[in-house]
Amino acid sequence: MLTARHLRKENRSMRHSSKARQSISPEFGRSLAASALAFLAADPERLQRFLNLTGLGPHNLRDAAEDPAFHGSVLEYMLADEELLLRFAADSDLEPKSLSEKITNR
């Protein structure tokens, strides 16, 4: 998983890059999804809502997290809830617009 420092570095480089609209690397996408999942897991209510909507539970969450399609699902979940996305962006020290673009262009 990327640290907050790595996320800030990626955020800065994406802001100043002429290629900001291009896809992010699969590795960064996985790391961003892992960070988003950790963000969800840090709050029992956020995690429970995610689990309820996905049908996942403690018994199969780890297995699901190994599936690359799951990474996209976590990021799409974050993108669908603006308030949640804004909190995640602030928690990750990322600009919301940049984060939204990264998710959309993954």
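Ser92 is buried in this predicted model, its relative accessible area being 4% and so under the 20% cut-off for burial. The residue belongs to helix H6. Its C-alpha lies 8.2 Å from that of Ser35, although 57 residues separate Ser92 and Ser35 in sequence. Contacts across long stretches of sequence are well represented in the protein as a whole: among contacts with a separation of 6 or more, 69% join residues 24 or more positions apart.

The fold around this serine is helical. Seven helices and zero strands make up the secondary structure, giving the pattern α-α-α-α-α-α-α along the sequence. Of the 106 residues, 40% count as buried. The protein exposes about 6500 Å², and carbon and sulfur atoms supply 49% of that area.

Helix H3 (residues 44–54) is a good place to look in detail, since its mean pLDDT of 95 is the highest among the elements. Which residues of H3 are buried? They are Arg46, Leu47, Phe50 and Leu51. Viewed down the helix axis, the buried residues of H3 fall within an arc of 130 degrees, so they line one face of the helix. The partners of these buried residues are helix H2 (26–41), helix H4 (61–65), helix H5 (68–80) and helix H6 (82–92). Pro44, Glu45, Asn52 and Leu53, in contrast, are exposed on the other side of H3. Both ends of the helix have a local feature to point out. At the start of H3, a side-chain oxygen of Asp43 comes to within 2.9 Å of the backbone nitrogen of Glu45, while Gly55, just after H3, adopts a positive phi of about 80 degrees.

Phe50 of H3 also leads into the protein's interior. In soluble globular proteins, nonpolar side chains tend to be buried together. Here the largest nonpolar core holds 25 residues, of which Leu32, Leu40, Phe50, Phe70, Met78, Phe88 and Leu99 touch the most other members. Two or more residues of this core come from each of H2, H3, H4, H5, H6 and helix H7 (96–104). The most generous contributor is H2, with seven residues.

Confidence varies along the chain. The average pLDDT is 81, and 76% of the residues score at least 70. Helix H1 (residues 4–16) has the lowest mean pLDDT among the elements, at 48. Over residues 10–22 pLDDT stays under 50, and the model has 16 contacts beyond four places in sequence for this stretch.

How values were computed. Residues numbered from 1 in each chain as written. Heavy atoms only, no water. pLDDT = per-residue confidence, 0-100. Helix = DSSP H or I, 4+ residues; strand = E, 2+ residues; numbered from the N terminus. Contact = heavy atoms within 4.5 Å. Buried < 20%, exposed > 50% of the residue type's maximum accessible area, 1.4 Å probe, protein only. Arc of directions from axis to C-beta. Polar contact = N/O pair within 3.5 Å; in protein donor to acceptor, adjacent residues only side chain to side chain. Core = buried A, V, L, I, M, F, W, Y, C linked by side-chain atoms within 4.5 Å. Areas by Shrake-Rupley, 256 points an atom, 1.4 Å probe, with all protein chains shown as cover.
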